[in-house]
Each structure stands twice: as C-alpha cells, then as structure tokens.
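Me: I would like to learn how to read a structure feature by feature. Could you take me through one slowly, with the general idea placed before each case?

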There are 2 protein chains.
Amino acid sequence: MDKQKLIIIGGGFGGLNLARRIDKERWDVTIVDRNNYHSFPPLFYQVASSGLEPASISFPLRREVRGRKFRGVTFHMGEVTEINAERHTVHTQFETLHYDKLVLAAGTTNNFFGIPDLHKHVYTLKSTPEAIRCRNEILARLEEASLCPDPERRARLLTFVVVGGGPAGVEIAGALGEVKRYIIKREYPAIEPDEMRVVLVEGTDALLRAMGPRSSADALKGLEQLLVEVQLGRTMKTYDEGVVTFTDGGTIAAETVIWTAGVTGVPFNITGTDVKASFGNRWEVDEFNQVKGIPDLYAIGDIALMMTPDYPKGHPQVAQTAIQMGRNLARNLSSDKPKPFKYHDKGSMATIGRNRAVADIGKVHLSGFVAWMAWLFVHLMTLLGMRNRAVVLINWTWNYCTFSTGLRLLMRPERYPLRTHWNEK
Amino acid sequence: MDKQKLIIIGGGFGGLNLARRIDKERWDVTIVDRNNYHSFPPLFYQVASSGLEPASISFPLRREVRGRKFRGVTFHMGEVTEINAERHTVHTQFETLHYDKLVLAAGTTNNFFGIPDLHKHVYTLKSTPEAIRCRNEILARLEEASLCPDPERRARLLTFVVVGGGPAGVEIAGALGEVKRYIIKREYPAIEPDEMRVVLVEGTDALLRAMGPRSSADALKGLEQLLVEVQLGRTMKTYDEGVVTFTDGGTIAAETVIWTAGVTGVPFNITGTDVKASFGNRWEVDEFNQVKGIPDLYAIGDIALMMTPDYPKGHPQVAQTAIQMGRNLARNLSSDKPKPFKYHDKGSMATIGRNRAVADIGKVHLSGFVAWMAWLFVHLMTLLGMRNRAVVLINWTWNYCTFSTGLRLLMRPERYPLRTHWNEK
C-alpha cells in the first residue's frame with residue numbers, strides 16, 4: 001500500500017514519541033519544528049541558574065531522527081504560519097507541505113494574561129533561549145549590584161521576584177535561594193548574602209497546587225530554609241519601572257521578575273474551518289486525540305484538551321501526558337483497532353534546591369533527599385533516552401557534586417539579528 | 001608599605017598572567033573586563049563549527065580569581081568608556097576607578113578596513129558570542145537550503161566564503177570542509193555534499209603567511225583534500241545583497257561570508273594626553289611595556305606595539321606574546337630591577353580539519369597527524385591551566401572522537417535586549 005503523509009508539528013516529548021513508535025511502513029513522517037533541536041523543559045530552570053549548559057538539555061533533531069527507530073522520519077525546520085484544514089496544507093516561511101494527517105504537538109508558551117508589555121519586562125523559562133536570557137540577566141544584576149554604591153538601587157538589583165508557585169517557580173526560586181546561601185559569599189565579595197532577596201509570589205494559598213498538601217507544605221518549608229520569602233494569596237497586577245504592584249496594593253521594588261505564572265497553547269492560524277481553539281488556547285480532542293470538528297487533525301500533549309470523566313478540565317500539561325498521548329496515537333495510527341487514550345499518572349515531583357525535592361507517586365509522598373534522588377533518577381532516565389547522553393550525565397554529576405560555578409557565563413547575544421527569515425517568531 | 005592600585009583592563013591571556021604573577025603584597029589589583037569570563041580565542045572556530053560548546057572555552061573570571069595564586073585580585077565587570085591619563089581615572093558605565101598604574105590588555109577586535117556596513121553582513125570570530133552567531137548562521141543556511149527548491153538560491157545558501165588566509169580563516173574553512181565531507185551526507189539527506197561550496201579567499205599569494213613556506217603549502221594541500229576551494233591573490237572589495245565582489249571584478253554569490261581578514265586594537269578613549277594609538281590601533285610601548293608618552297600606562301598583548309630590532313613592525317599578535325608580556329610586566333612591577341621584554345618564539349600552528357595540522361616550532365616543521373597531536377597537546381595544556389578543566393577535556397575528547405553532532409544547535413537569541421546598561425555597543 002502507498003504510504004500516507006503524516007506531519008507532526010513539534011519535536012517535543014509528544015512529537016518524538018509519536019514519530020519513534022509509529023509504523024514507518026505505513027506512514028511517511030515529517031517533523032516540523034521552529035528549532036533544530038528537541039529540548040528538555042523540566043531542566044530549563046537549571047540553565048537559568050547556571051547549573052547546566054544549554055547543550056546538556058538540547059538535542060539536535062537531525063541527530064535524533066538518525067536513530068534506528070526513526071528510520072524514514074524527515075525533519076524540516078520552519079515556523080508554521082498557516083494550516084489550511086480544507087486543502088490539507090501546512091505553510092512555513094520556507095515551504096508548503098501537504099498532509100494526509102496532521103498532528104499538533106507544539107506545546108505551550110507563556111501566558112501573560114493580557115498585562116500590557118509585561119513580556120518585555122519579565123524573564124521567562126519556556127524555552128532554552130529564554131532560560132539563557134534569564135541566566136544572563138541574573139548574572140548581570142549581581143555584577144551591577146557588586147559595583148553599586150547607592151543602597152536603594154542596590155536593593156532593587158538584588159531583589160528577585162518569582163511569580164507563580166508551580167514547579168517552575170518553586171524550582172527557580174530554590175535555585176536563587178542557593179545562590180544567596182552559597183554562591184554570593186564565594187564569588188561576590190562585594191555583596192553580603194543578606195542583601196540578596198528572593199521572593200516567590202503565588203496567587204492561591206499553596207505552592208505546587210497540582211500536588212498533594214504534604215508536598216505543598218514541604219516545598220514551603222524547604223524554600224524558607226533556603227531563605228526564600230514565599231508570599232501566598234498574592235496576585236501581581238503590574239510591573240513598571242522596576243516596581244511590582246500587587247492587587248492588594250502592596251509593592252516590591254525589583255529589577256528582576258521571573259514569570260512562571262501561566263501557559264497558553266502555541267497559537268496556530270488554522271484556516272478552512274470554523275473550529276477555534278478552546279480555553280488556554282488548547283485544541284479540544286476526543287479520546288483518540290482527534291481534534292473535534294477538523295478531519296485528519298490530531299493534537300497531543302500540552303496543546304490538546306481532552307476532557308474525560310477523570311479529567312473534566314483536561315489532562316495535566318506535563319511531559320508524561322505528551323509522551324503517553326504520542327505513544328497511544330502512534331499505536332492507533334499503526335493499527336486498525338484504535339484504543340482510547342488512558343492516562344497513567346506516574347506521579348509528579350519538583351526540586352527545592354539541589355539536594356531535596358518533593359514527589360507524589362500514587363499515594364506515596366516523598367520529600368527531602370530521597371525525593372531528590374527519585375527526581376534525579378527519573379530525569380536522568382528520560383535524558384538517557386536521547387542519543388549519546390553519557391557525557392551529559394558525567395557533566396551533570398560533576399557540576400552538581402562540585403557545586404561548580406563554571407557555567408556562570410554572561411554571554412550577551414550578538415547585536416545583529418539572525419540573517420534571512422529566522423527572526424520573525 | 002601602602003599598596004598601590006593597579007588596574008588591568010582585559011581578562012585575557014595577558015591580563016590573567018599579569019594578575020596571577022604580580023606581587024599582591026605590593027599591588028592592589030583590579031581586573032576590569034566587559035565580559036564576566038575569560039575566553040580562549042584559538043578555539044572560537046570550534047564553537048562556530050559546532051565542535052565545542054561555548055562553555056568549554058569560556059571561564060568565569062570570578063571563579064578564576066578565586067584561585068590561590070590570585071588572592072587579593074578583584075574583578076569588576078564593565079565597559080571602559082574613558083580613561084583620563086592626567087587624573088589617573090578609568091570610567092565604566094557603572095563606576096569611576098582611580099589607578100596608580102593602568103595596564104591595557106584588551107586585545108583586538110575585527111578590522112573591516114572601512115568597507116561600509118560590512119560588519120552587518122559578514123560573520124566574525126573574535127569573541128564567543130560572534131562564534132555562536134556564526135554557528136547559528138551556518139546551521140540556518142543548511143536548514144534553509146535543505147528545503148529550497150530554487151537551484152540558484154540553493155547554490156547561494158550552500159556557498160560559504162571565508163575571507164582571510166590566516167590561522168582563523170584556515171581553521172574555519174577546514175571545519176566547513178569537514179561539514180561538506182562528513183556531516184552533510186549523515187544529517188542532511190536533502191542536500192548533496194557536492195552542492196556545498198567552501199571558498200577560502202586570501203589577498204596575498206600564500207596561506208598562513210606568518211608561518212614558513214612549507215606550512216603554507218601543507219595547509220593549501222590539506223584544505224584542497226577537504227574540498228575547500230582556495231583562491232590566493234584575491235581581495236574582496238564589497239559584499240552586497242548576497243554577492244561578494246573582488247577587486248579583480250570577479251564575483252561569488254554567497255549567503256554566508258565569514259570575515260577573518262583583519263584585526264585592530266580595541267579602541268580606547270584616552271583623555272588628558274595628546275598621545276594617540278599607533279597603526280592597527282595599537283599603543284606604542286617601550287621594552288618595559290610602558291606606553292610612550294603616557295606616564296603610569298602600560299599595554300601588553302595584541303594591543304601593544306613594541307618595535308624592536310628583531311620585530312621592527314611590532315611583535316606577533318598571538319597568545320604567546322600576551323602571556324609573556326603579562327609575565328614580564330608582573331616581574332617588573334614586583335621588583336626594583338625591571339628587565340626589558342624579550343620574546344621567546346614557541347612556534348605557531350594551525351589545524352586543517354580535525355586530524356591534521358601544520359606547526360613550525362623553531363626550525364622544525366611538522367604537518368599531518370603529528371602536528372595535529374602537537375596542536376591538541378598545546379591547547380589542552382593551556383586549557384588545563386584553567387581551573388576544573390577535567391570535564392572540558394572529557395567532553396572534548398568524546399566529541400572529537402565520536403564526531404559528535406550533538407552541538408549542532410541553532411539557538412537563536414531572545415528578541416529583547418539585555419536589561420539596563422549591558423547592551424550598549
């Protein structure tokens with residue numbers, strides 16, 4: 001039988017798992033991604049805090065698809081500008097591709113909830129370049145503070161506000177807490193550790209709300225031990241001229257705000273249909289990941305909204321959902337007896353600093369060093385799924401154990417934008 | 001006795017060697033650098049060709065100066081905006097520092113010989129961010145070419161012109177030749193290796209003119225084996241709209257031009273004196289590295305112009321000169337019997353691809369694999385002079401031996417410039 005053309009938009013956890021497992025005798029598979037690499041979002045905060053280098057959590061897609069299990073998969077770099085659901089076409093800045101079936105697997109980006117210009121003033125952690133920028137800004141703030149004689153400006157330079165108490169917020173706040181506790185004394189003799197202030201702000205009444213109450217409480221305790229000020233039940237309203245204003249009227253003067261408070265599906269311009277994305281810019285799918293109302297279109301991972309009795313508001317937007325949906329869709333597209341998707345919750349975890357974590361695995365709650373070891377193990381295993389990751393492992397272990405500061409590199413990007421068509425976004 | 005204040009502008013080979021060896025009982029030493037890291041220029045071409053990651057050749061200065069031999073040395077990040085030779089002050093965007101003695105050790109930057117706007121259109125290799133940009137652009141060209149159906153545009157995208165036949169030009173051309181020979185087939189199935197064209201253009205009649213004629217000839221032969229077209233005696237006149245025009249009237253259509261054709265001293269605005277920089281923007285110094293006509297000002301390394309009977313046009317602008325001048329000045333400033341500088345030529349070398357090189361060590365000429373081993377040894381030894389370089393060594397060996405393509409990461413910088421004062425220039 002003639003091969004059918006499957007296009008997957010996004011080389012993340014969902015897209016790669018789908019491409020790896022689908023029957024390549026039956027499908028001619030193309031992965032389209034705006035980047036030439038797969039990245040590992042759970043560790044973006046490590047790049048932002050100078051703990052890992054970008055290359056340790058980024059894997060060129062061309063190298064991945066050279067693997068045995070990907071034989072027959074093609075990679076096209078490109079930013080999708082339009083999808084025509086009627087004509088079955090995908091348009092990028094470079095080409096127009098035709099598909100028989102199309103899978104949206106592009107994940108999410110930052111949600112600034114309409115606060116004007118906020119994206120220009122805060123730093124974010126939803127991609128490797130964003131994490132690198134965040135690293136540079138943190139380092140720049142410390143350098144400037146170490147030279148600044150004006151106490152008021154100095155305080156602003158040394159105040160780091162993290163907005164959002166989910167895993168990303170907790171993890172970056174913990175990493176900043178460790179800078180305050182361990183790095184300042186060692187590397188910035190002109191700064192007193194007490195001058196640095198790390199504030200984590202969360203709108204609800206608990207950290208890590210997706211996890212159990214014991215994890216929330218342990219995270220709070222862990223962060224407080226790292227000298228992070230956690231402010232619960234507080235919502236940021238604006239951030240202007242270096243001052244965060246909250247809805248309760250309070251303010252914090254800070255030169256650095258790291259925004260982890262919300263995500264939204266990567267937007268797609270889909271023409272030839274009246275169907276629109278649902279809330280959170282996610283595409284509503286049935287239990288076979290088929291987008292409702294658009295034939296031959298699928299969505300998996302964070303960008304899919306699959307509402308089931310177990311998950312009436314959609315499935316959690318985490319790596320496991322994307323991996324499992326990718327695998328299930330691969331199975332369904334490779335067989336004639338499609339199986340509805342069923343999510344297996346493998347638990348969730350978050351680190352608090354470099355040697356403790358919290359984890360909820362089924363009904364089991366872990367915390368402290370044991371949870372951290374579990375966290376490390378799970379992430380290393382996932383990373384080792386990528387090709388040639390021995391070096392990453394060695395690197396990581398080395399940096400982690402030696403508390404290495406060798407990655408505290410403020411590498412400003414070159415002034416000129418990339419040539420040709422790569423800079424649009 | 002009271003300590004005197006010594007300021008060193010530039011944390012490169014010269015500045016670090018001076019700071020390491022100077023008597024810190026006698027001198028209160030501050031290193032001022034626009035970056036927070038020391039970098040290793042001989043390997044910039046490796047970053048540009050995705051062979052090494054930026055962090056492997058960049059070393060945070062704060063970590064370096066924590067070393068035992070640096071005790072008492074302070075690091076200040078900052079871009080020097082003015083030096084007042086009369087008042088003995090150094091101004092950066094953050095502060096004004098007073099000095100008793102000042103050392104210029106800032107090295108060189110690209111020289112575009114006044115060709116208008118050239119810096120906007122070509123890629124360069126004089127800093128880590130420039131090398132990262134070059135890497136991104138090379139990768140972007142290959143991605144776009146692999147999708148481009150128009151044969152004329154495809155040819156332009158796949159033509160890489162390197163201007164300048166010195167070590168940097170030879171090394172990056174060799175690395176691009178290896179992409180053509182080995183990488184294209186493996187990772188870009190939509191491109192035929194023969195479609196890629198690498199042209200190295202040199203204005204004089206030989207490559208590596210600073211080395212002996214046998215090295216020049218071996219480099220030429222080596223590059224030709226890597227399928228690099230070497231064009232000698234050809235001078236670029238302009239580069240506009242994707243076309244390189246030479247003074248002989250010839251043209252090459254190429255989307256990518258890598259410029260290694262000239263360097264010039266990093267400019268300094270020195271007030272309170274009538275003395276100006278000499279040719280190549282270098283500061284004329286006596287044999288004690290004292291800048292002629294400006295009391296208490298020294299210059300070492302690439303930015304110093306020391307003309308002696310042996311070197312009537314100044315010393316070679318290479319790492320060894322900087323290292324030796326830094327050490328000699330350290331000795332002179334630590335003792336009451338200053339010794340004139342004497343350059344010990346330890347030879348010079350350049351790689352051609354990943355397993356051959358040319359080297360001239362005294363009267364000995366080496367080439368091929370033996371020279372490459374010598375090259376590797378010398379650079380590893382120098383790198384190992386930095387702290388905690390075991391990991392770099394492991395990484396490097398691994399990547400080199402496995403021909404790893406794991407660093408072929410097109411990481412576009414974030415759109416927004418760095419906050420506050422870091423983005424000038």
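Reply: What follows goes through sheets, burial, backbone angles, cysteines and a pocket in turn.

Me: What kind of model is this, and how are its residues and chains labelled?

Reply: This is a predicted model, in which local features need pLDDT of at least 70 and side-chain atom pairs count only at pLDDT 80 or more, while totals for chains, interfaces and linings use all residues. Residues are numbered from 1 along each chain as its sequence is written, chains are lettered from A and ligands numbered from 1 in the order in which they are written, and side-chain values use heavy atoms, with hydrogens and water left out.

Me: How do I read a sheet, and what is the strand order in the open sheet of five strands in chain A?

Reply: Strands (E, at least two residues) and helices (H or I, at least four residues) are DSSP runs, numbered from the N terminus, and two strands pair if DSSP finds at least two bridges between them. In chain A, the open sheet of five strands runs in the order β5-β2-β1-β9-β21, with parallel pairing. β5(A) and β21(A) stand at the edges with a single partner strand each, so one side of each is left without a neighbour in the sheet. From one strand to the next the twist averages 20 degrees, where axes are lines fitted to C-alpha atoms (for helices over the stretch in contact) and angles run from 0 to 180 degrees between N-to-C directions.

Me: How many bridges join the neighbouring strands β1(A) and β2(A), and which residue is the partner of I7(A)?

Reply: Strand β1 (residues 4-9) of chain A is joined to β2 (residues 27-33) of chain A by six bridges, and I7(A) has T30(A) as its bridge partner in β2(A). Four bridges then join β1(A) to β9(A), again in parallel, with I9(A) partnered by L104(A). Between β9(A) and β21(A) there are three bridges, and here L102(A) stands opposite L297(A).

Me: Which residues of β9(A) are buried, and on which sides do they lie?

Reply: A residue is called buried under 20% relative accessible area, exposed over 50%, and partly exposed in between (1.4 Å probe, protein chains only). Both faces of strand β9 (residues 101-104) of chain A are covered, with K101(A) and V103(A) buried on one side and L102(A) and L104(A) buried on the other. In chain B, six of the seven residues of strand β2 (residues 27-33) are buried, so this strand is largely enclosed by the rest of the structure. β2(B) pairs in the parallel sense with strand β1 (residues 4-9) of chain B over six bridges, and K5(B) has D28(B) as its bridge partner.

Me: What is the order of the four-strand open sheet in chain B?

Reply: Its order is β8-β7-β6-β19, and the pairing is mixed. β8 (96-98) and β19 (270-271) of chain B are the edge strands, each with a single partner, so one side of each lacks a neighbour in the sheet. Two bridges join β6(B) to β19(B), which run parallel, and N84(B) is partnered by T271(B).

Me: Which sign does phi usually have, and what is its value in N289(A)?

Reply: Most residues other than glycine have a negative phi. N289(A), although it is not a glycine, has a positive phi of about 65 degrees; this residue is in the loop between β20 (283-284) and β21 of chain A, and is buried at 0% relative accessible area. In chain B, D296(B) also has a positive phi, near 65 degrees, and lies in the loop between β20(B) and β21(B).

Me: How many disulfides are there?

Reply: A disulfide is a pair of cysteine sulfur atoms within 2.5 Å, and over all chains the structure holds zero of them. Among the cysteines, C148(A) is buried at 11% relative accessible area, and C134(B) is buried at 0%.

Me: How do I read a pocket, and how many residues line the second largest one?

Reply: On a 1 Å grid over the protein atoms alone, a pocket is an open set of points where a 1.4 Å probe fits, with protein on both sides within 12 Å along at least five of seven lines, and lining residues have an atom within 4 Å of a point. The second largest pocket is lined by 17 residues, of which V65(A), V73(A), T74(A), E187(B) and P189(B) lie nearest its centre. β5 (73-77) of chain A and α7 (167-187) of chain B are the elements that give two or more residues to this lining, and β5(A) gives the most, with four.
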